[in-house]
Amino acid sequence: MSEFDFMNTENICMDSRNNHLSKFNPTQISNIKEVKSNSVPSIMNGVDVLKSNVTENVSLNFKDFQQNFLTCTLCLNHYDEVYVPKLLPCSHTLCRPCIDGLINATDSDKIQYEPPNDNSEPNQNFIFVINCPVCRESIVVPRGGSIDFPPSFLINQLVDLMKSQRKDIIPLCKLHSSELLMYCETCDVIFCITCGEKGHGGSVGGSGVDARCIMLPFSLALKRMNEIVLYKGSLCLKNLDKANQSIQNELNLLNENTNCAIQSVNTVFDDLLHKIKKRRDGIIRKIKEIQNIKHASLNNHLKLVEERCNEIGRICNGESNYMQSNIHYVSKIVNDLNARLDQSNPLSLSRENTYISFEYKCNDSLKKIYNEISRLGKVKISTTFPILCELEFSNSAILNLETTAKVITYDCYGKRRKSGNDPICVKIKNDDSGMCINSYITDKENGEYNVNFTIKQSGSYSMYTTIFSRHIKNSPLKFFVKNVNNPISTLGKSTCKYFNTNVETELTKSVSLILKKGKIELKQPTCIRIGTDETIYILDTGSCQLKIFYHQDSETLKTRFINLPQMQNQGATSMDLINENTILMSNWKKNAIYEIFFEESAEISKVIEHTRLLEPTQLSIRPDKLVFSVLNHENSQILIFTCEGDLIGVISRSFELTINVNCLHTTNKYILLGTNTIEFYCFDIFDKDADCITEITANTDNEFTQKICSLYDQTDSLIFKPSLTSSRCNSISSLKPTEKSNLTKLNPKFLQYKQITVDSKDNILCLFFYKRKFYIRLFSSSATHIFDIQSDDKERIKFAGGIVCDKNGQLHVCDLFENVVKTFRYV
């Protein structure tokens, strides 16, 4: 039996698979009401089925509906193309054959005659009148007959609707033919309400229906599932169409790449053939030239022979009459011919030979050419499957620093590839401005590619990575760059941790191995230095120890703690390395410099004392190990000593100056001082072999400024100012900062450079204090301000001690407040 199912769309959507069926269907004629069983009494023994969702289906029989509405009232035939429904003026509907039958059966008295007009035909002067078989109303037939009756629009719409409507089969219970089968979506059970099954229905635990059960007529469930099948099928077809288009594009791209490859082959070999032809033509031209030379030589020889022949002929023919009478003359002619005969013998042998040959076996060039041609070119393919390839960051993206991202390639089986040469394209774009960032790709020849780029502006970015013009797995990759540079690692007591940034350097490996061994306790680390072999030296003033961390081998990290009695009362504040077993250490409480040798145990090998040493807090050895500089905290004087302990120079200022020197660093060319500017003193001023001490003294700020080279002045520009006594600084150059940040324009009254150092590329790194916060500033070797480094409040430097750079572009800062050493990236 067939039926129409009609539903109310307000509450029928129980799950996602019914969502697309909840929309109004224009084929619906009657309403289906979904009701809650807690508000509708059950027909099973008067027991309410509580807390269960039941869909009540009000349906109409397909045949009954067709017989009552879609059949002719007179002949009872279904309306179709033959039995076309026509609408009578009385609003009843009859099929056209029945109307024709009524017209033909009309009595003569119901035929009215109209007088003919001049233009009318005789057949059109009769008017037929019929009676509606339903209401018996008299109806005038149009002049054109039944065909001129208007069509029944409603009936035609219903007929078309019935044709398009799928006839559903309603399964009934085998035992109760009048009962519809029900379906529980929750339990996936088909049951009859009267029979009941597994807790569903009236006779078997009807009152115990689970509140989570969702029940509806089985026919409606079938209809829904069929609709879901059609919907899912359409999605599958849509995806297959998309796949088909994608494969077609791949085929087109394959043809294009094939044509390009063939064109490249033709270009290479055409060029090779051109070079071979050029070489061939050159050899042939050389052979022709040699032939011409030999040909000219032989022609000259032949000409000489012909001349001799002509001379002999003239002698023999011209003197014949005279020779008959003069015997002496004849004898003379004979002697002359004998001489000519002797001269003619060599003329038979040509001085020029005719040998010309092309020799190609004189060397192994032809063999090499054959070998090189056999190796020339290679058809390159790739098994990379872009959708499985991944992109990951080797280090975190930090403003103004180079960031490295790594592309890892896989084949279609999910295996890592071991070779490179894939056509990778990377595009980095700012999400807000749309600006593209320059990047370069490095092929590691092992299936991995490094993408390096530098972000100059904070914000959100997207990295689009494609292989064969197809996006990889996580493309586009979204990342955000903040205007902060937090430490990548810390070493100390309370915040001993290592941030996994995948920066593979010896020092970060050292820090990582240190942390694996346990906590390293630091107490007031005032100074840090790094040896040539990446050994870490920390002057831990609070514990009166020199703590050394170095590699015993590639996997084992060795630590060494050396007790230094000279550090008692926390007097040691600075040190520098002479070699891997010797340091120079300043003690501001004892006003002395100690040279300490610690190969086995700490021994004082030298003590430098001088009346000018007044609270020495900073010490820096020149890289050539000939001299070192000391900063006096009491009077801000800088003393220059030889490593033997002789004082050779003093840089001082009068007490009226308001700006004090906070730090210093010594290079082979100059001494750098940190005040509210960075000051340069060239070493040309101080001669270690001079008999007297060279002193530079300034009585005013202006005079002092004139005698030094300042990198950063109060006008917010970078300026080199020549020293009055320096021969090396002989020009003035004004440089503007390349990067403007919120720290570029600072009030010099609140700015103090606290620490300063120089890396292996002569870049100058400064730690400056501004409004109760520490920041890191980077200058290039040409005195250009590059950028400033800021950190979050939680990770920032609280109270700075010594700083040092390593060869991997990392700055290590001692924080006396947290008793840790923090490591920052700056390249």
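Here is a short tour of this structure, from the whole chain down to one residue.

**Stop 1: the whole chain.** Keep in mind that you are looking at a predicted model. Show everything as a cartoon: the chain's secondary structure comes to 9 helices and 50 strands. Now switch on the surface, where about 47,100 Å² is exposed and carbon and sulfur atoms supply 52% of that area. Of the 827 residues, 40% count as buried. Among contacts in the chain with a separation of 6 or more, 52% link residues 24 or more positions apart.

**Stop 2: a sheet.** Select residues 751-758 and 785-789 to find β44 and β47, the edge strands of an open sheet, each pairing on one side only. The sheet has 4 strands in the order β44-β45-β46-β47, and the pairing is antiparallel. On average, neighbouring strands here are turned by 25 degrees against each other, direction ignored.

**Stop 3: two paired strands.** Next, select 764-770 and 773-779. These are β45 and β46, which run antiparallel and are joined by 7 bridges. Zoom in on Phe769 and look across to its bridge partner in β46, Phe774.

**Stop 4: one residue.** Finally, select Thr757, which has its place in strand β44. Is Thr757 buried or exposed? Its relative accessible area is 4%, so Thr757 is buried, as that word applies under 20%. To see what surrounds Thr757, show the residues it touches beyond four places away in sequence: Asn763, Ile764 and Leu765, then Ile803, Val804, Cys805 and Leu811, and also His665.

Conventions
Residues are numbered from 1 along each chain as its sequence is written. This is a predicted model: local features need pLDDT of at least 70, side-chain atom pairs count only at pLDDT 80 or more; totals for chains, interfaces and linings use all residues. Side-chain values use heavy atoms; hydrogens and water are left out. Two strands pair if DSSP finds at least two bridges between them. Axes are lines fitted to C-alpha atoms, for helices over the stretch in contact, and angles run from 0 to 180 degrees between N-to-C directions. Buried means under 20% relative accessible area, exposed over 50%, partly exposed in between (1.4 Å probe, protein chains only). Contact means heavy atoms within 4.5 Å. Accessible areas come from the Shrake-Rupley method with a 1.4 Å probe; for residues, only the protein chains shown count as cover.
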